[in-house]
Amino acid sequence: MYCRHYGFKKMPFSATSDPDFFFESDSHREAYAAIEFGISQRKGIILITGEVGTGKTTLCKKLLNRLEKNVKVSLVLNPYFSDMQLLQAIVEDFGISTQKKNRLEIIKTLNAFLIEQHAKGGNAVLIIDEAQHLTARQLEQVRLLSNLETSDEKLLQLVLVGQPELIENLSKYRLRQIRQRIFVKHKLLPLEENEVKQYIHVRLNDVGKKNQVIDDECYKIIYEFSGGIPRLINMLCDRALLMGYVREKSRLDETILRDSIKEIA
Ligand SMILES: Nc1ncnc2c1ncn2[C@@H]1O[C@H](COP(=O)(O)OP(=O)(O)O)[C@@H](O)[C@H]1O
Ligand SMILES: [Mg+2]
């Protein structure tokens with residue numbers, strides 16, 4: 001709505017995660033490198049944790065575009081399923097159709113698919129976002145899937161992505177097998193203060209404006225409010241742009257930022 005006022009091509013700070021706006025922070029780059037390494041080594045489970053809003057889902061979506069073509073990916077974004085539905089969702093996202101509805105048949109079909117990928121020199125990855133919602137049983141089930149192997153290599157690489165509670169969930173005694181199989185771990189951190197400005201610029205650049213829209217003094221306030229969490233940065237910038245539009249300003253200044261924070265809080 002305020003796009004025309006500022007001359008934006010689209011909303012720069014919308015709430016949905018849009019991989020077009022990807023900003024590679026140090027922590028995102030490290031997470032990506034850790035995942036890529038883990039996948040290529042075929043040695044075990046990759047665990048990515050991070051607080052709400054740090055960019056976990058964005059990272060998952062980015063992975064889809066960035067992994068090499070011979071890596072087949074199944075991405076489960078919302079694992080609020082029964083055990084059977086989870087299995088079906090995993091298999092369907094690989095593009096495998098399963099007529100049969102029983103567990104054993106589905107696993108057999110998946111295994112055949114994985115062996116075929118491996119024979120072609122490819123790899124397969126299962127990424128589960130919001131993995132803190134998986135029950136102990138489901139975690140055990142995905143561990144078993146990631147155990148499918150040839151004589152020396154795992155056929156399915158597993159990336160579990162979730163909020164910090166995921167670590168707590170995994171610390172249960174009966175999940176020690178999955179815990180022992182974790183090969184790479186990375187915690188996604190909020191942006192550093194200097195990254196906040198770059199992050200905002202990437203987004204403004206993408207909608208056709210550089211840094212003419214925000215006064216320099218604002219970045220510190222945005223960092224203090226958000227603690228570097230991208231979701232909170234988006235929320236504040238979006239609100240401030242709206243307020244600037246209502247007040248017929250062409251730039252955001254300290255007053256608008258502080259007033260927007262009062263409205264949000
Ligand atoms: N590295 C990034 N580059 C660009 N935008 C990001 C980045 N990380 C997070 N965001 C944005 O922040 C918001 C929250 O990100 P999201 O991936 O949904 O976080 P999480 O899944 O950790 O809760 C989204 O609007 C997303 O577009
Ligand atoms: Mg998410």
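This is a chat about the pockets of a predicted model and the ligand that it holds.

Colleague: I'm new to this one, so where does ligand 1 sit?

Modeller: In this predicted model, ligand 1 sits in the largest pocket. The helices that each give two or more residues to the shell around ligand 1 are H3, which runs over residues 56–66, H9, which covers 193–206, and H11, which spans 230–246.

Colleague: And which residues come nearest to ligand 1?

Modeller: There are 22 residues around ligand 1, and those that come nearest are Phe23, Gly53, Lys56, Thr57 and Thr58. Sorted by class, the shell around the ligand is made up of 10 polar, seven nonpolar and five charged residues.

Colleague: What lies 2.9 Å from a nitrogen atom of ligand 1?

Modeller: That is an N or O atom in the side chain of Arg203. For the oxygen atoms of ligand 1, a polar side-chain atom of Arg231 lies 2.9 Å from one, and a backbone N or O atom of Ala15 is found 3.1 Å from an oxygen atom of the ligand.

Colleague: How much of the accessible area of ligand 1 does the protein cover?

Modeller: On its own, ligand 1 has 550 Å² of accessible area, and the protein covers 96% of that.

Colleague: Back to the pocket itself, then. How much space lies in the largest pocket?

Modeller: The largest pocket holds about 550 Å³ of space. Its lining has 29 residues, of which Ala15, Ser17, Gly55, Thr58 and Arg231 are the closest to the centre of the pocket.

Colleague: Which helix supplies the largest share of that lining?

Modeller: That is H11, with five residues, while H3, H9 and H11 each supply at least two residues of the lining. By class, the lining of the largest pocket divides into 11 polar, 11 nonpolar and seven charged residues.

Colleague: New topic: what volume does the second largest pocket have?

Modeller: The volume of the second largest pocket is about 160 Å³.

Colleague: Which residues line the second largest pocket?

Modeller: The residues that line it are Glu36, Ile39, Ser40, Arg42, Leu67, Glu68, Asn70, Val71, Gly121, Gly122 and Asn123. Helix H2, made of residues 26–41, gives the largest share of this lining, with three residues.

Colleague: And how does the lining of the second largest pocket split by class?

Modeller: In the second largest pocket, five of the lining residues are polar, three are nonpolar and three are charged.

Note on methods
Residues numbered from 1 in each chain as written. Chains lettered and ligands numbered in written order. Predicted model: local features only at pLDDT ≥ 70, side-chain atom pairs only at ≥ 80, totals over all residues. Heavy atoms only, no water. Near = heavy atom within 4 Å. Polar contact = N/O pair within 3.5 Å; in protein donor to acceptor, adjacent residues only side chain to side chain. Areas by Shrake-Rupley, 256 points an atom, 1.4 Å probe, with all protein chains shown as cover. 1 Å grid on protein atoms, 1.4 Å probe; cavity = no way out; pocket = protein on both sides within 12 Å on 5 of 7 lines; lining within 4 Å. Sits in = over half its atoms within 2 Å of the grid points. Helix = DSSP H or I, 4+ residues; strand = E, 2+ residues; numbered from the N terminus. Nonpolar A, V, L, I, M, F, W, Y, C, P; charged D, E, K, R; others polar. Points joined across faces, edges and corners; volume = space filled by probe spheres on them.
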